[in-house]
Amino acid sequence: MKALNVLLALLVSAAIALGVVEVGLRALGFTPTEVNTEFDPELGWRKTPGKTIGRSAGEYEVTLTTDAAGLRDDYAAGTLAPAADDTFRAVFLGDSFVVGYTVDREDLFVDQLERAWDAEDRGTEIMNAGTQGYSSDQSLRWLELNGEAAAPDLVVYFAYENDIWWNGSPEYLGQDKPLYDAGGALVERKLQAPAPRPWYRAFAMGEAWHRLVGAPRMP
């Protein structure tokens, strides 16, 4: 009986210690990260349509919502369609800087510019087609797949220096993505869905381990 009590005391003490560590790591910013992306056989990944998640770190705490078309925008239909005849549509392509996953919509430069143009009665709209982690190859592939339906009058691409590296790689941090050859032709291959997120990343301790030890590194 005494041994059982000792064992129970040890188990309770361990549980309390783990709970303290879990709470502490969450306070330090290791809260398990929600994702708003899903596998796409053409793009590698895309934003999940109609999903809302919260993201927080030491520098920001924001809510990200994707519309029915899978954009951080306000398109109610699940498929893209040309703008009204009297509307000039600009499509903005790029990565996390364009999708703005560290700022709320009201602070995102895409929406600020659109509001400024609206105030001047320019008859212009901006479609935010940015997706976190995209390089120019994925942005190009998105335009190839959706350009005809979106029918933009203007396409603006926001490049970042790491595009130079990732455009020559068939994967990004362990996830398959499109690849174009030196002549600009799409390399035909089947993109593989990533492995399911491991169960331990549902906890701050697991998330901390993943970020510090297990996560693929930038080159």
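## A network to start with

Which residues are linked with Asp40 in a network of salt bridges? They are Glu38 and Arg46. Keep in mind as you explore that this is a predicted model.

## Salt bridges

Searching the whole structure turns up nine salt bridges. One of them joins arginine 89 to glutamate 125, with 2.5 Å between the closest N and O atoms. Arginine 89 sits in strand β5 and glutamate 125 in strand β6 (residues 124-128), so this pair ties together parts that are 36 residues apart in sequence. Both arginine 89 and glutamate 125 are buried.

Lysine 177 and aspartate 137 also meet through their side chains, at 2.3 Å from N to O. Here the loop between β9 (175-176) and α6 (204-214) holds lysine 177, while aspartate 137 belongs to helix α4, so the bridge connects parts 40 residues apart in sequence. These two residues are buried as well.

Now look at arginine 105 and aspartate 111, whose salt bridge spans 2.6 Å from N to O. Aspartate 111 has 9% relative accessibility, so it counts as buried, the cut-off being under 20%. Arginine 105, at a relative accessible area of 23%, is partly exposed.

## Nonpolar cores

The largest nonpolar core has 15 residues, and those touching the most other members are Leu71, Leu80, Val91, Met127, Ala129 and Trp142. Strand β5 (88-93) and helix α4 (136-150) each contribute at least two residues to this core. Apart from it lies another core of seven residues, including Phe92, Leu108, Val110 and Ile126.

Try finding leucine 80 in the structure: leaving aside residues up to four places away in sequence, leucine 80 touches Ala69, Leu71, Met127, Trp142, Asn146, Ala149 and Ala150.

Key
Residues numbered from 1 in each chain as written. Predicted model: local features only at pLDDT ≥ 70, side-chain atom pairs only at ≥ 80, totals over all residues. Heavy atoms only, no water. Core = buried A, V, L, I, M, F, W, Y, C linked by side-chain atoms within 4.5 Å. Buried < 20%, exposed > 50% of the residue type's maximum accessible area, 1.4 Å probe, protein only. Helix = DSSP H or I, 4+ residues; strand = E, 2+ residues; numbered from the N terminus. Contact = heavy atoms within 4.5 Å. Salt bridge = Lys/Arg side-chain N within 4 Å of Asp/Glu carboxyl O.
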